[in-house]
Amino acid sequence: MTERKTIAVVGATGAQGGGLARAILNDPERPFNVRALTRKPGSDKAAELSLLGAEVVQADLDDRESLERAFAGAYGAYCVTNFWEHFSPEKELAQAANMAGAAKSAGLQHVIWSTLEDTRMWVPLDDDRMPTLMEKYKVPHLDAKGEADGIFSKAGVPSTFLLTSFYWDNFIFFGMGPKPGPDGVLALTLPMADKKLPGIAVEDIGRCAYGVFKRGSEYIGKTVGIAGGHLTGDEMAASLGRALGREVRYNAVSPEAYRTFGFPGADDLGNMFQFKRDFNDYFCGARDLEEVRSIHPAIQSFDDWLADNAGRIPLE
Ligand SMILES: NC(=O)c1ccc[n+]([C@@H]2O[C@H](COP(=O)([O-])OP(=O)(O)OC[C@H]3O[C@@H](n4cnc5c(N)ncnc54)[C@H](OP(=O)(O)O)[C@@H]3O)[C@@H](O)[C@H]2O)c1
């Protein structure tokens, strides 16, 4: 019997890493073990993973030694940071450096870094199409992830750069779902004009990552973009309307208006949508749906996702 290789999963108690942990643990062939990293091994989510068969270990992305211990002896790792917990691109960069350094020390053979574009490569800081934020960024929660690609490469870590997409689950958990307008009709508000927004069911991010791990070394040193569909605001509104059994209108606003919405991160997200709108051919092209299906053939479309989740979208 060959010994199973271990994949250390950062964020296993969360959405992306949780999807990967479940994909591995639910595969009857089980070529890999899951080592779930968490700051809180005593949490309910950690207990759920343990029940599914994961090894749960304590680690903190701010503590490189804890990562070295957690990566030791593993074959690979899934690495992700959570910008929305602290709103600090510098912290994301420091955490990425800790993960890359620990991965190198542990001699990991394959790391998947959950990344996004460094938009400053398309919109330099002196380009006033969109405001510069936090002095050094255009889209802080994207730019630092893209910048961190270089940290993994320079550290000599055999890495795959997994370009993720907008979670459709944001309609449930991030307050981005349709809300009633003054006339009572549900409105999906996005600053995407008539452009297509690549989106994905978050559970499928981990399933795609699993597909990449299963392909061995094929994706090492490569960037792969993933999405379950590329849809315009009108197309998303139509799908939402069918799934909810109520009219849903696409309310196209400008990025300038979106940036002033006042919730934490509205300026960052306004710039993000503007980037996706203004560089739409690049952004969709980098998330090739055919290639994604070759990695994860059962990836959900927006309609598939809605069939299971429409009832969970808060509409007030
Ligand atoms: N929303 C979107 O549409 C979207 C799209 C693409 C990318 N993203 C990116 O996705 C990232 C968030 O991923 P997610 O949705 O999977 O997050 P999530 O569901 O909120 O979970 C966060 C995970 O990160 C772990 N974590 C956070 N800080 C940690 C630390 N210091 N040490 C160890 N573990 C830590 C948490 O583990 P414990 O709490 O158990 O320690 C938890 O498992 C963000 O950076 C965001 O920018 C979001």
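Which residues are buried in α5? I began with that question, after noting what kind of model this is.

**Entry 1, ground rules.** The model is predicted, so I kept in mind that local features need pLDDT of at least 70 and side-chain atom pairs count only at pLDDT 80 or more, while totals for chains, interfaces and linings use all residues. Residues are numbered from 1 along each chain as its sequence is written, and side-chain values use heavy atoms, with hydrogens and water left out.

**Entry 2, helix α5.** I found that P89, E92, L93, Q95, A96, N98, M99, A100, G101, A102 and A103 are buried in α5, where buried means under 20% relative accessible area (1.4 Å probe, protein chains only). The buried residues of α5 pack against α3 (64–71), β4 (76–79), α4, β5 (110–115) and α6, with contact taken as heavy atoms within 4.5 Å. After α5 I came to G107, whose phi is positive, near 70°.

**Entry 3, the ligand.** I then looked up the 26 residues around the ligand, and T13, T38, T81, Y167 and N170 come nearest; a residue is near if one of its heavy atoms lies within 4 Å. For polar contacts (pairs of N or O atoms within 3.5 Å), I noted that a backbone N or O atom of T81 lies 2.7 Å from an oxygen atom of the ligand, and that for A15 the corresponding backbone distance is 2.8 Å. A polar side-chain atom of W84 lies 3.5 Å from a ligand oxygen atom.

Methods
A polar contact is a pair of N or O atoms within 3.5 Å; within protein, one must be able to donate a hydrogen and the other to accept it, and residues adjacent in sequence count only if both atoms are side-chain atoms. Buried means under 20% relative accessible area, exposed over 50%, partly exposed in between (1.4 Å probe, protein chains only). Helices (H or I, at least four residues) and strands (E, at least two) are DSSP runs, numbered from the N terminus.
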